[in-house]
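Q: I am new to this structure and should be grateful for a close look at a single part. Please describe how that part is placed and what surrounds it.

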Amino acid sequence: MRYLGIDYGARKVGLALSDENGTMGFPHGILENAPALLPTLLALIAKEKIGAVVMGESKGLDGSDNGVAAAARALAAQLGAGAGVPVYFEDERFTSAEARRQFAPAEKSRKPARRAPVDASAAALILTNFLTRQKSG
């Protein structure tokens, strides 16, 4: 089964797709968080024959909901109802920081051009973490 991973943000939404066997997530792209987000995601789910969605669970370091948690849960509910696929949540804390480390230059400067792959890579980390946890029981 193929999975879609989502790293939901207030302005950008990172996307990842799993391989056909659902063993690992790979960066797929970035979407603007705009009114067209839901129909675009529903079309992607249909086109890629997605069997389940894994949404990053937006929490602060203390475990409480962060500023985008309610909107992420609302999108997850709409995706599940609209596409007829299960939606799971996976802790996303530290995934963006880990993805940034993968793309940061040696001198550790944070150039704006580096942001684009970070969102999709964070989604891939969220998805891979979920798939690994599922496989290990």
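A: In this predicted model, helices H1 and H2 pack with their axes 10 Å apart, at an angle of about 45°. That angle makes H1 oblique to H2, and the crossing of the two helices is right-handed. On the side of H1, the contact is formed by Leu37, Leu38, Leu41, Leu42 and Ile45; H2 contributes Leu75, Gln78, Leu79, Gly82 and Ala83. By character, the residues of this contact divide into eight nonpolar and two polar, with no charged residue.

The helix H1 itself spans residues 37–47. Within H1, the residues Leu37, Leu41, Leu44 and Ile45 are buried. These four lie on the same side of H1, because they cover an arc of only 100° around the axis. The spacing along the sequence fits a general rule: an α-helix has 3.6 residues a turn, so residues three or four places apart point the same way. On the other side of H1, by contrast, Ala46 and Lys47 are exposed.

The surroundings of the buried side extend beyond H2. The buried residues of H1 pack against four strands, namely E1 (2–8), E2 (12–18), E3 (25–32) and E4 (50–57), as well as against helix H2 (69–83). Just after the end of H1, lysine 49 adopts a positive phi of about 55°.

Some of the strands that H1 packs against also include residues touched by another helix, and two of its residues may be considered in turn. Leucine 127 is located in helix H4, which comprises residues 115–135. Its relative accessibility is 0%, and leucine 127 therefore counts as buried. When residues up to four places away in sequence are not counted, leucine 127 touches Tyr3, Leu4, Gly5, Ala16, Leu17, Ser18, Gly25 and Val54. One of these contacts, leucine 4, is 123 residues away from leucine 127 along the chain, yet the C-alpha atoms of the two are separated by 7.5 Å.

Threonine 128 likewise has its place in helix H4. The relative accessibility of threonine 128 is 18%, and the limit for a buried residue is under 20%, so threonine 128 counts as buried. With its neighbours within four places in sequence left aside, threonine 128 is in contact with Met24 and Gly25. Gly25 is thus found among the contacts of leucine 127 and among those of threonine 128.

Technical notes. Residues numbered from 1 in each chain as written. Predicted model: local features only at pLDDT ≥ 70, side-chain atom pairs only at ≥ 80, totals over all residues. Heavy atoms only, no water. Buried < 20%, exposed > 50% of the residue type's maximum accessible area, 1.4 Å probe, protein only. Arc of directions from axis to C-beta. Contact = heavy atoms within 4.5 Å. Axes fitted to C-alpha atoms, helices over the stretch in contact; angles between N-to-C directions. Parallel < 35°, antiparallel > 145°, perpendicular 65-115°, else oblique. Left-handed = near helix turned anticlockwise from the far one by under 90°. Nonpolar A, V, L, I, M, F, W, Y, C, P; charged D, E, K, R; others polar.
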